[in-house]
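Reader: Could you walk me through how to read a few features of a protein model, giving the general idea before each case?

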Amino acid sequence: MSDMMIFFIVYLFSIYLLISYDPVRSGKTTIVLIGILAIIISVSYSNGWFIINKIESDAIALWIIFFCIRVCLSIGSCLSKRNLRKKNLPFKPELFPKRHRDLQRLKKFLETANIIGLDGKWGMGKTFLLSQLQNEEDISQNYYIIEISVLTCKVDQLIPVLFHELDKVLKKDGILSLQSESVNALFDSQKDFRSIINFFLDKNEGAAESLKKFKIQLGNMRKDLIIIYEDLDRIDDDKIIKQILAINERLSNSHIKIIYQYDYSRMASLGIDINYLEKYIPYSMKLTELDFLEIVVMVLCELKVDTHILSADDLKISSSQNQDLLEKIQMEQSYFHESPMSKMLEEVSYTPRNIRLWIEEIISMISGYDFYKNSDNKKLLIRLLYLKHILPDCYIKISSLFRIYNELKYSKSNCLNKYYLSDIIKEQNFEQDRNEFLSYGENRKIMSILDFLGYQQIIIFPNNCSEMKKHLIEQKNEEYNLKLDRIYHNIISAGNHPETNRETIIKKIKREVLTKDLIEEQYQAWEEILGKSFYLNERIDGYTTINYFGHSYFEDVLDASHLVPFTPDEECKLLNLFNEKRREKNLLTWDYFRVVRYASLQKDKVFSLVMRQIANLKVVGNFLSEDYFTDFMSVFIRACVRLGYLERSYYDISIWKDDKKERYSYILLRIDQRVKDIRKRVDLSNHQKTEMTFENICKACKVLNESIRHTNPIKYNPININFSYSPDDDFKNFLERKKNLSTDADEKKQLQDDIFAAREKDLLNWDQVIQLLSEK
């Protein structure tokens, strides 16, 4: 070769080394190379082997400039990485307590074993555990780490990727390995510049010899080496897996550790059983199972979630911890002697990954939509997203349905039609067919999904429930299921409105009608929203009308208040508007009872208003035989017991009276006597508003008694009434104040005023008021 050719071969080789090796991290090799190049040039020049011409001197100058730039870039890179590490130090996710023990066990294995298998399902935290291993101080000081993800490179390139990474580690340690080029060439399909270098260095060793020498050079590094394979089981070709296992088995030694991540059940499905793995992975370590609540608490702490937004109690899905789900399970068992939903929840498979994704999406939805900050809506959001992330097979079944309850129906043998569960239970042969009904796996799945999501599938009617009452219960049940459909569809497809037509229009009424003070202004806004007629079947702002057939708008608005609750002030405004604008506002007619039966009479302010209205109305007929009058009296009696205008003992006596006329007359008499007794025992001279309410209650009792006076007796079994009394906390606080009360007259008056104020806010009933105002 000519002198010029030798010069440029050496020159190009040195450029290659500068590109391949970091001159700062591989300092020893760089210094040696520079020394060798300097010696060659100086010896060649002094012996006159060749004379450096201008081209060569320019080339050497460029090399020196390039070398300086490379050194500066390397130093800058080191400093920036160092600063970045410092910047990222504060965020360091914590391990679960059980994972701390897994980590310590893994470190013990590294001391004794060369190849370790980390067995766990996808999402169980294998990668996170190994990232924590790398952050351990003793590991980072004593080991270089190579991570190979089978999902980020082509399967046929896994082995070349491994040796490319090993080559980088050698360069990082400052070792110039001639064998690395041979090994890379054996597996690399790109044989351009590297092949030229191999030609000049005459590297024609066999694969086994090259691998052996390469392994020795890896053992000469300042640190030992850990090679981590992520998700080995995700390679579908078992031949590739076996090749990886075989090469790494030969590569491993006391200085080169191999860690595989995999799920054994998946490996077995690929045909790689425990007997085969035992040879190549002698030490296998299974990740410890984590408790659901343990994962939830750790994720919430890590995400620093405000407990007012989302707490661990909100995320309790287990039937033993969730009363709603427990009631659904008990209902399933009562009808079918088993619970498909309970079995579904018992067999659920969760991991830290899918629980984290579940919680993150819940937080994202709550943060983006105020609608889901409401506790009831939040509960529905949590359950649907639980299906999405923890039970994806169930979620797929409903994710494309617009109305889940209407479209997800049950099948029966030898029948093409689909049915609601309530219809199937009503059938005469249900007792004989129920075991066969649940033998259909699809039916079990549908029941589990609908019950878990909170749909009302089975309607339970009270004893002796009238047909009208049944119809109203069915309508409310249908409305509730429609409400769930809208909310769930909004979660699945954010562009859909999360509220039913009735909810939307009632909110519009609350916003545009009940915020006004004058009756005329309210009615004008009411007409603009609903129209003058009670019975028009129209659309409002793109939503269908809120009323059912044969109902008035006022009736339906109050009936739907369970969907969008009214405050006492809003309800009073609506009742005043209704009474002022009804056709016969001075008469006690059927339309009044049909609307007022939905009023929240247990609220003191609403009760007082209704009593005032009834007290000033004239009786025009007999309502005793009408269902809506019975419904009103049921609500009225319940409110009187709740507010203290009727003693419970008298109510208990009244239920034994079969004659409805006699029963109602007895109750109205006792209410009138109770009010008069309170007026005698409590000084109301400074409380004219309460005095007026008592007068109105007595007058209203007379009006109601007159409306039933001339009716024929009928057999009647009274509706069971559930009573809810005032909380004891407020009563106990007043008792404590009374106990510590001084003789100061102003302080006594303040206590009385506070007691009456608490009474008006429904915090005390009249029995409690009497006890507090008594001298004892």
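Author: Happily, and let us start with accessibility. Buried means under 20% relative accessible area, exposed means over 50%, and partly exposed lies in between, with a 1.4 Å probe and protein chains only. Asp291 has 43% relative accessibility, so Asp291 counts as partly exposed.

Reader: Before we go on, what kind of model is this, and what is left out of the side-chain values?

Author: This is a predicted model, in which local features need pLDDT of at least 70 and side-chain atom pairs count only at pLDDT 80 or more, while totals for chains, interfaces and linings use all residues. Residues are numbered from 1 along each chain as its sequence is written, and side-chain values use heavy atoms, with hydrogens and water left out.

Reader: Thanks. Which residue forms a salt bridge with Asp291?

Author: The general idea is a distance test: a side-chain nitrogen of Lys or Arg within 4 Å of a carboxyl oxygen of Asp or Glu. Here Asp291 pairs with Lys98, and their closest N and O atoms are 3.5 Å apart. Lys98 is in helix H4 (residues 97-112), whereas Asp291 is in the loop between strand E5 (283-286) and helix H14 (292-303), so the pair links distant parts of the chain, 193 residues apart. Helices (H or I, at least four residues) and strands (E, at least two) are DSSP runs, numbered from the N terminus. Lys98 counts as buried because its relative accessibility is 18%. A network of salt bridges links Lys98, Asp291 and Glu294.

Reader: How many salt bridges does a search of the whole structure find?

Author: The search finds 36 salt bridges. One of them joins Lys605 to Asp569, with the closest N and O atoms 2.7 Å apart. Lys605 lies in helix H30 (residues 604-615) and Asp569 in helix H28 (residues 568-581), so this pair ties together parts that are 36 residues apart in sequence. Both ends count as partly exposed: Lys605 at 39% relative accessibility and Asp569 at 45%.

Reader: Is the salt bridge between Asp631 and Arg597 made by buried or exposed residues?

Author: Asp631 is buried at 9% relative accessibility, and Arg597 is buried at 6%. Their closest N and O atoms are 3.0 Å apart. Asp631 lies in helix H31 and Arg597 in the loop between helix H29 (590-596) and H30, so the pair ties together parts that are 34 residues apart in sequence.

Reader: Let us turn to H30. How should I read its span?

Author: Take 1.5 Å times one less than the number of residues as the expected span of a helix. H30 has twelve residues and reaches 16 Å from its first C-alpha to its last, close to the 16 Å expected. Ten of its twelve residues are buried, so H30 is largely enclosed by the rest of the structure. Among the buried ones are Val606, Phe607, Leu609 and Ile614. The elements that cover the buried residues of H30 include H28, H29, H31, helix H34 (688-707) and helix H36 (745-760).

Reader: And which residues touch the most other members of the largest nonpolar core?

Author: In soluble globular proteins, nonpolar side chains tend to be buried together. A nonpolar core is a set of buried Ala, Val, Leu, Ile, Met, Phe, Trp, Tyr and Cys residues joined through side-chain atoms within 4.5 Å. The largest one has 82 residues, and Trp526, Leu601, Phe607, Phe636, Tyr645 and Ile671 touch the most other members. Helix H31 (residues 627-643) gives the largest share of this core, eleven residues. Contact means heavy atoms within 4.5 Å, and, not counting residues up to four places away in sequence, Phe607 touches residues including Leu601, Phe636, Cys640 and Ile697. A second, separate core of 64 residues includes Phe292, Met341, Leu345 and Phe437.

Reader: Why do Cys698 and Cys701 not form a disulfide?

Author: A disulfide is a covalent bond between the sulfur atoms of two cysteines. The test is a pair of cysteine sulfur atoms within 2.5 Å, and by this rule the count comes to zero. The sulfur of Cys698 is 6.5 Å from its closest cysteine sulfur, in Cys701, which is too far for a bond. Both residues are buried, Cys698 at 8% relative accessibility and Cys701 at 5%.

Reader: Finally, in what sense do E2 and E3 pair?

Author: Two strands pair if DSSP finds at least two bridges between them. Strand E2 (residues 143-149) and strand E3 (residues 224-230) are parallel, over seven bridges. The bridge partner of Tyr144 is Leu225 in E3. E3 also runs parallel to strand E4 (residues 256-262), joined by five bridges, and Ile227 has Ile258 in E4 as its bridge partner. Six of the seven residues of E3 are buried, leaving the strand mostly covered.
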